[in-house]
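Open the model in your viewer and keep the selection tool at hand. We will go stop by stop, and each stop says what to select and what is there.

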Amino acid sequence: MAVVNQMSPKNVEDFKVLIVYPNLPLMLIPSIAIALFTRILRDKGYAVDLFETTYYVSDQKSTSESRMELFQARSFNITEEIGITMKTDLLGDFRKKVEEYKPDFMIFSVVEDAFAQCVELLGAVEDLNIPHLIGGVFPTNDAARALSFPQVKTVGRGEGEQIVLDVAEAVRTGASFENIAGIWYKDGDGTIHRNHQPPLVNLDAVRPDFGLFDPRRFYRPMGGKMFKMIPVESYRGCPYACTFCNSPAQRSFTKSEGLGNFLRRKSLPVLRDELREYVDRFDPTFFYFMDDSFLARPHKEILEFCDMYEEFKVPFWFNTRAENLDVPTLKRLKDVGCYRMASSVECGNEEYRNKVLKRKITNEEIIRRFRLILESGIAFSLDVMVGLPGETRDLVMDSIKLVRSIQGYDALTVSIFTPYHGTTLRDVAIRNGWLDKDFICTQGHSASVLEMPAPMLSQDEISSLTTLFPLYCYFPENEWGDLRRAEAMDDEGARLRKHYGEIYARDFLGMDQDEKFARTVASFGGGGTGCRTNPKDEFRVSPSRLSADEMEALM
């Protein structure tokens, strides 16, 4: 029997758990996973506290700061508008917290970007020998890699609701870890033990408790206004198979473990009670639905959701796919409070999008579906990705042309592809020699980490095109020569970026979404983008950009 726990048994009320949340700087929406663990542990009588890293300065800019600099978000000052002052001594403050609170057990919930920070935090208190559990997307996708770090002793794979309770109880009672489902752990001589997986959890069984979070964490700008937001999970998993995303890996994981279908939805009565608790307890002014694709559910259920939600009338946001959009449904959602939504096109080249990204939709259908959002009266933003494996400048320009053909969006998010563990395109990049197989994504990547040969994009080209992408979409083609010159990292390039960026910030991002939408409707037929693309010039059919061999290397 492997012995990893030699603590003397304690009464539940005397047993302290510290939940640690390594987070990206100023990623303001509170974590649902942390809230779930808080509720589960409190309900069992444990003393629970929280340490999170959201307010600590990092070497990298926060996501919100980067979005503003890249012309992707309206300007706001987090110190003035929310009252948050950034801290600097992360490891020192964590050590102090642990020494003062004296936890018997620590839980870390981490995404891949924050894993390095998690290891640093563990190292700062390693001499105190406090049992810990690390869970999240990264340990699930590569538990062996996580355990290769000497500071890491125990990881949870898959959903954590039952795992955190089982491990906490084992630590409290001094029991062995060998029969705890869902964990991998190292014993005293470093041997890794791989336990079997538990059944999938019942989403209706536990309601999140956000009570440990600083109240300022609920405030976030949206569409040019500040709201008090509560994140909501109504749907776990994603039915799609996009190769740039690690959500499909969750389905593959549960299937390979014989656990069944990872895709599950909360029942509407349970969701209704959850929303009611939030309203009564926190008085939110906004609900932020975190589902991967909110409308990827039976149409009847969407209408039932609307009927249920009418009692709240709290504005809300969701993310969805263009394939799921129709005017009657969107108008009904707007009637009950849908304030804003986001959807992605990722890449404007049909062949690349369909074959490499596994996004099976035509440009013509994307253009048509987004026009339906405009007709519904809901404000929306677009998401696009740059620096995908095998991507060339021509492919990026295809994306720009497609975005210019979409009417009515009032914000554009341009992300650099990040090769997370669990994504198909990470494997593609490794197989082609563009990425080291041991690479772990770290906080706030502001540049591509792929090293691709010409004519594929270099890292510098990816950075420049990411910065200029919204400007190419906004300004007419007769100014593209200046924008191409603005890509250069010299004085003249900086002058042109400043010149065009100031115009864009003033004329496109300078209004809140309500003002923006009113102007868009007034000019309907010309579209909501600055270039006012003529429908006859819409980018409905994209050319083939890659040879059969090049395409094969990406699939």
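Select H17, residues 459–474. Is this helix mostly covered or mostly open? H17 is mostly covered, with twelve of its 16 residues buried. Buried means under 20% relative accessible area, exposed means over 50%, and partly exposed lies in between (1.4 Å probe, protein chains only). Helices (H or I, at least four residues) and strands (E, at least two) are DSSP runs, numbered from the N terminus.

This is a predicted model: local features need pLDDT of at least 70, side-chain atom pairs count only at pLDDT 80 or more, and totals for chains, interfaces and linings use all residues. Residues are numbered from 1 along each chain as its sequence is written, and side-chain values use heavy atoms, with hydrogens and water left out.

**Stay on H17**

Colour the buried residues of H17. Among them are Ile462, Ser464, Leu465 and Thr466. Phe469, Tyr472, Cys473 and Tyr474 are also among the buried residues of H17.

Now show what covers them. The cover includes strand S15 (379–386), helix H15 (393–404) and strand S16 (411–416). It also includes helix H18 (480–486) and helix H19 (491–507).

Next, put a distance between the first and last C-alpha of H17. The helix reaches 24 Å, close to the 22 Å expected at 1.5 Å a residue. The expected span is 1.5 Å times one less than the number of residues.

Where does H17 kink? Select Leu468: a kink of about 45° lies there, shortly before the proline Pro470. The bend at a residue is the angle between axes fitted to the seven residues ending there and the seven starting there.

**Step back to Pro455**

Pro455 lies in the loop between helix H16 (424–431) and H17. Look at the peptide bond from Ala454 to Pro455. This bond is cis, with omega near 5°.

**On to H14**

Select helix H14 (363–376). Its end C-alpha atoms are 20 Å apart, which agrees with the 20 Å that its 14 residues should span at 1.5 Å a residue. Its buried residues include Ile366, Ile367, Phe370, Leu372 and Ile373. Arg369 is also one of the buried residues of H14. Move one step past the helix: H14 is followed by Gly377, whose phi is positive, near 90°.

**Two lysines**

Select Lys358, in the loop between helix H13 (350–355) and H14. Its phi is near 60°, a positive value in a residue other than glycine. Lys358 counts as partly exposed, at 33% relative accessibility.

Then select Lys102, in the loop between helix H4 (90–101) and strand S3 (105–109). Phi of Lys102 is near 55°, again positive in a residue other than glycine. Lys102 counts as exposed because its relative accessibility is 58%.

**Three loop stops**

Go to Gly337, in the loop between helix H12 (327–335) and strand S14 (338–346). Is Gly337 buried or exposed? It is buried, with a relative accessible area of 18%. Which residues does Gly337 contact, leaving aside neighbours within four places in sequence? They are Val314, Pro315 and Phe316. Contact means heavy atoms within 4.5 Å. Add Cys306 to the view: Gly337 and Cys306 are 31 residues apart in sequence and 9.0 Å apart in space, C-alpha to C-alpha.

Now take Pro150, in the loop between helix H7 (143–147) and strand S5 (154–156). Pro150 counts as exposed, at 52% relative accessibility. Not counting residues up to four places away in sequence, Pro150 touches Glu126 and Lys186.

Last of the three is Asp89, in the loop between helix H3 (78–82) and H4. Asp89 counts as partly exposed, at 44% relative accessibility. Its C-alpha is separated by 8.5 Å from that of Val57, 32 residues apart along the chain.

**Zoom out**

Show the whole protein chain. There are 21 helices and 16 strands in it. Of its 555 residues, 56% count as buried. Among contacts between residues at least 6 apart in sequence, 76% join residues at least 24 apart.
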